[in-house]
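Trainee: I am new to this structure and would like a close look at a single part of it, the largest cavity and what surrounds it. Could you take me through that part slowly and connect it to the rest of the protein?

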Amino acid sequence: MRRVQPKSSEVVREEPSLLSEPRDLRAPRVARPRRYLMCPPAHFKVTYSINPWMDPAKPVDLPLALAQWEDLRDRYRALGHTVELLDPRPDLPDMVFAANGATVIDGRVLGARFAHPEREAEAEAHLEWFRAHGFTEIHEPAHINEGEGDFAVTASYVLAGRGFRSSPLSHDEAQEFFGRPVIGLDLVDPRYYHLDTALCVLDDSADEIMYYPDAFSPGSRAVLARLFPDAVIASPEDAAALGLNAVSDGRHVLLPQGALGLFSALRERGFEPIGMDLGELLKGGGSVKCCTQELRP
């Protein structure tokens, strides 16, 4: 480093180094306790089809669906997380997919507005829960958004999906309400109809994600590559197992057990993957993340 002898009135300022230590992606990870909202699948069934995963001709084993959901709930609690419960309603079979009901950041609640009439009433059920549990900054949206189905939170951004469910207009609405930069991403494969089927935030204290590139438009793929050059990239097989519909606490990553290729990739980054069997709920087009709404303080 070249030093210049200062004049008596000058303050010495060293030139900053252009080299920084690269982050060790395999360094030990730290889990942070979370608070989640979940809804038991007491009335879960597939009687209509609003995504390519749903087939009313395939019956749901309700006791098995409940057991699989309980295993997920209990695993969260065993890891030290808090799980709040939303009461299911008989006329709303998709309420088990609680992630779609709202987005909570900094204790502020952006409600949902569903694209399909079959799920419209879920939005008010969620808002009633928030009002009853002390949340005071609640925004009822003007534009269609399906909660954390299409909003994902990193350290720097709110990533926002569009193309099948949430309206692009909801992105501006979210940015104004949360005061965080919102990055719009276009989904192009109907199997990945929500952002949370194609992308997962691995560490929300940093900008670490995993995603499936082919679920996105070319422009959105370029944006993701620019913003997240070290992201874990899912294979077509792992994406098709809904492996990106996962939840991370910063260390433990709970994901569908069929996404075998992601397990080694996550371990290489220092995460601890935990495989979950939610096969019955997959019949409705959802897995770990769809069942889990995070209540961010």
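**The largest cavity and its surroundings**

Mentor: β9 gives the most to the lining of the largest cavity, with 5 residues, and that strand is a good place to start. Please keep in mind throughout that this is a predicted model.

The largest cavity has a volume of about 240 Å³, and it belongs to a set of 3 cavities of 30 Å³ or more in the structure. Its lining is made of 22 residues, and those that lie nearest the centre are Ala152, Val201, Ala246, Lys289 and Arg296. Besides β9, which covers residues 199–203, the strands β6 (151–153) and β12 (247–248) each supply at least two residues of this lining. By class, the lining divides into 11 nonpolar, 2 polar and 9 charged residues, and Lys289 and Arg296 are two residues of the lining that you can look up by name.

A second cavity can be set beside this one. The second largest cavity holds about 60 Å³ of space, and its lining of 13 residues has Asn51, Phe97, Arg119, Tyr193 and Gly284 nearest the centre. In that lining there are 5 nonpolar, 5 polar and 3 charged residues.

From the cavity we can follow β9 into the nonpolar interior. The largest nonpolar core counts 34 residues, and the members that touch the most other members are Leu159, Leu199, Met210 and Phe216. Two or more residues of this core come from each of β8 (182–186), β9, β10 (208–211), β13 (252–256) and the helix α6 (260–268). Here, too, β9 gives the most, with 4 residues, and β9 is likewise the element that gives the most to the lining of the largest cavity.

Met210 is a useful residue on which to pause, since its list of contacts can be traced one by one. Leaving out residues up to four places away in sequence, Met210 touches Ala198, Leu199, Cys200, Leu202, Val232, Gly243, Leu244, Ala246, Val253, Leu262 and Leu266. Ala246, which appears in that list, is also among the residues nearest the centre of the largest cavity. Apart from this core lies another, of 23 residues, which includes Met54, Leu72, Leu281 and Val288.

Two loop residues can now be added to the picture. Ala231 lies in the loop between α4 (218–227) and β11 (232–233), and it counts as buried because its relative accessibility is 11%, where buried means under 20%. Although Ala231 and Ile209 are 22 residues apart in sequence, their C-alpha atoms are 5.3 Å apart in space. Ala231 is in contact with Ile209, and also with Tyr211 and Arg269, when its neighbours within four places in sequence are left aside.

Leu242 sits in the loop between α5 (236–240) and β12, and β12 is one of the strands that supply residues to the lining of the largest cavity. Leu242 has a positive phi, near 60°, in a residue other than glycine, and with 0% relative accessibility it counts as buried. Asp106 also has a positive phi, of about 55°, without being a glycine, but Asp106 is partly exposed, with a relative accessible area of 42%. Asp106 is found in the loop between β3 (102–105) and β4 (108–111).

Those two strands lead on to a helix. In α2, residues 120–132, the buried residues are Glu122, Ala123, Ala125, His126, Leu127, Trp129 and Phe130. They pack against β3 and β4, and also against β1 (35–38), β2 (82–85), β5 (138–139) and β15 (293–294). After α2 comes Gly134, which has a positive phi near 85°.

Finally, let us step back to the whole chain. The secondary structure of the protein comes to 7 helices and 15 strands, and buried residues make up 51% of the 297 residues. Among contacts with a separation of 6 or more, 69% are between residues 24 or more positions apart. The C-alpha trace spans about 80 × 40 × 40 Å along its principal axes. A compact globule of 297 residues would have a radius of gyration near 19 Å, and the protein has 21 Å, which agrees.

Technical notes:
Residues are numbered from 1 along each chain as its sequence is written. This is a predicted model: local features need pLDDT of at least 70, side-chain atom pairs count only at pLDDT 80 or more; totals for chains, interfaces and linings use all residues. Side-chain values use heavy atoms; hydrogens and water are left out. On a 1 Å grid over the protein atoms alone, a cavity is a set of points where a 1.4 Å probe fits but cannot get out, and a pocket is an open set with protein on both sides within 12 Å along at least five of seven lines; lining residues have an atom within 4 Å of a point. Grid points are joined across faces, edges and corners, and a volume is the space filled by probe spheres set on the points. Ala, Val, Leu, Ile, Met, Phe, Trp, Tyr, Cys and Pro count as nonpolar, Asp, Glu, Lys and Arg as charged, and the others, Gly among them, as polar. A nonpolar core is a set of buried Ala, Val, Leu, Ile, Met, Phe, Trp, Tyr and Cys residues joined through side-chain atoms within 4.5 Å. Buried means under 20% relative accessible area, exposed over 50%, partly exposed in between (1.4 Å probe, protein chains only). Contact means heavy atoms within 4.5 Å. The radius of gyration is taken over C-alpha atoms; the globule rule is 2.2 Å times the number of residues to the power 0.38.
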